[in-house]
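Trainee: I would like a close look at a single part of this protein, taken slowly, with its surroundings brought in as they become relevant. Could you walk me through one strand and its neighbours, and then place that region within the rest of the chain?

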Amino acid sequence: MPTTFTVFSLGNLADMDTVEGNTQAENASALVGTTFGAAGDALVNDAVTFAMGSTGFGGGTSTAYNQNNSPSETFTIDGGAEQTFDSTAVFNATITYIDGTTATITAVVFQDTSGNTYWAPEFSANTDMAAMEAAAIRSISLDSLAGNNYSGMTGSRETWDYVTCYVKGTRIMTAKGERPIEEVKAGDMVLTRDNGFQAVRWINHSKAIARGKLAPIRIKQGTLGDNAPMRDLLVSRQHRMLLRSKIARRMFGIEEILVPAVKLLQLPGVSEEPSLRPVSYYHLMTERHEIIYAEGAPSETLLVGPGAAEAMGPEAVEEVLTLFPELEEEYVEPARPILQNKRLNRFFLRHMKNERAFV
């Protein structure tokens with residue numbers, strides 16, 4: 001299990017642990033009734049990377065950061081200055097996703113000694129973790145206290161991922177030939193499968209530690225067809241690739257489908273690419289959802305539906321909605337059907353059994 005993982009920053013709040021040296025967060029109930037994140041200021045934008053500090057954890061409780069501060073244990077956020085772990089509590093909570101739907105979970109909340117407060121992922125792949133990863137999160141409300149007496153917070157936990165984009169260095173086919181995505185600017189023309197050269201309307205990027213579910217997926221040269229990709233391609237787990245085959249037509253009624261990269265892991269030539277170093281992910285948007293060429297392989301531009309722009313941050317939201325005001329109201333048609341159901345397993349098995357390459 002990873003000891004570096006994504007957490008959500010909730011801000012600087014009332015001290016949950018007012019009496020040191022025991023296993024109780026005496027004032028945790030002070031956080032009940034609070035909500036973090038809102039429309040136009042989605043909590044998904046407050047995701048940060050948690051990592052062990054110089055002390056590590058397990059100095060007292062062997063598997064956890066100690067609640068009783070004996071000994072004190074440290075961690076870092078986004079590689080910054082060390083912070084001293086103080087307390088943890090569990091709340092009955094309600095998640096609201098950016099499409100307005102909700103889920104009820106128990107949320108693990110922890111603080112440092114200065115009151116900086118975070119929502120942690122789960123320590124196992126349980127139903128609460130599935131809810132955290134179901135969609136981009138607009139907000140979380142702490143409805144009631146579920147528990148405040150623990151030996152500490154388990155130091156090895158699940159990761160969290162909600163990015164759909166290309167890795168820095170990926171070469172995109174433009175009107176001026178292939179260019180690294182970090183050199184592509186708004187206004188540049190990119191080659192699309194359906195509509196010739198189209199202008200990039202918006203591009204942005206973010207960084208994450210390439211561990212667990214934030215590790216990119218490597219698609220080796222030629223895995224998806226003849227010279228598709230022409231060179232190894234790195235994308236985020238949820239980034240969708242275009243697959244074309246006669247088997248797809250027989251199974252799904254259409255020859256071309258979009259499939260998240262993580263679903264390709266069962267294919268030879270596709271693997272996770274973990275690293276201790278940060279990875280830069282780039283989002284690219286055109287007037288409509290398009291299929292473009294990354295390292296020669298057909299794949300998607302950013303697909304944004306009603307409200308989904310919130311997942312990109314307040315400043316990005318303002319910029320995107322200025323360029324695409326219709327996104328608040330209109331359904332955005334995907335360039336191809338998006339498939340990620342259980343029938344994909346059978347689809348890939350048929351390709352491998354029959355040794356059929358993608359076109």
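Mentor: Let us begin with P71, which sits in the loop between β4 (64–66) and β5. This is a predicted model, and in it the peptide bond that joins S70 and P71 is cis, with omega at about 0°. That loop leads to strand β5 (residues 74–77), which pairs with β6 in the antiparallel sense over two bridges, and within this pairing T74 stands opposite T84 of β6.

Between β5 and β6 the chain makes a hairpin with five residues in between, and D78 is in the turn. The phi of D78 is near 55°, a positive value in a residue other than glycine. D78 counts as exposed because its relative accessibility is 53%, where exposed means over 50%.

Strand β6 itself (residues 83–97) is the part that I would ask you to study with care. Of its 15 residues, 12 are buried, so β6 is largely enclosed by the rest of the structure. Besides the two bridges to β5, β6 has an antiparallel pairing with strand β7 (residues 102–112) over 11 bridges, in which F85 is set opposite D112 of β7. A further antiparallel partner is strand β9 (residues 137–147), joined to β6 by eight bridges, and here I95 of β6 faces I140 in β9 as its opposite residue.

A second region can be read in a similar way. Strand β18 (residues 240–244) is mostly covered, with four of its five residues buried, and β18 pairs with strand β19 (residues 256–260) in the antiparallel sense over five bridges. In that pairing L242 stands opposite L258 of β19. P260 also belongs to β19, and P260 counts as buried because its relative accessibility is 1%, the limit for buried being under 20%. P260 and V235 are separated by 25 residues in sequence, while their C-alpha atoms are 9.8 Å apart in space.

The loop between β16 (217–219) and β17 (233–235) deserves attention too, and P229 is found there. A cis peptide bond joins A228 and P229, with omega at about -5°. N227 lies in this loop as well, and its phi is near 60°, again a positive value in a residue other than glycine. With a relative accessible area of 41%, N227 is partly exposed.

Turning to the interior, the structure holds two cavities of 30 Å³ or more. The second largest cavity has a volume of about 40 Å³, and its lining consists of T4, F5, T6, T49, T159, I209, R211 and L214. By class, that lining has three nonpolar, four polar and one charged residues.

Finally, these parts can be set against the whole. The protein has four helices and 23 strands, and 50% of its 359 residues count as buried. Among contacts between residues at least 6 apart in sequence, 67% join residues at least 24 apart. The protein exposes about 15,500 Å², of which carbon and sulfur atoms supply 48%.

Terms used:
Residues are numbered from 1 along each chain as its sequence is written. This is a predicted model: local features need pLDDT of at least 70, side-chain atom pairs count only at pLDDT 80 or more; totals for chains, interfaces and linings use all residues. Side-chain values use heavy atoms; hydrogens and water are left out. On a 1 Å grid over the protein atoms alone, a cavity is a set of points where a 1.4 Å probe fits but cannot get out, and a pocket is an open set with protein on both sides within 12 Å along at least five of seven lines; lining residues have an atom within 4 Å of a point. Grid points are joined across faces, edges and corners, and a volume is the space filled by probe spheres set on the points. Ala, Val, Leu, Ile, Met, Phe, Trp, Tyr, Cys and Pro count as nonpolar, Asp, Glu, Lys and Arg as charged, and the others, Gly among them, as polar. Buried means under 20% relative accessible area, exposed over 50%, partly exposed in between (1.4 Å probe, protein chains only). Contact means heavy atoms within 4.5 Å. Accessible areas come from the Shrake-Rupley method with a 1.4 Å probe; for residues, only the protein chains shown count as cover. Two strands pair if DSSP finds at least two bridges between them.
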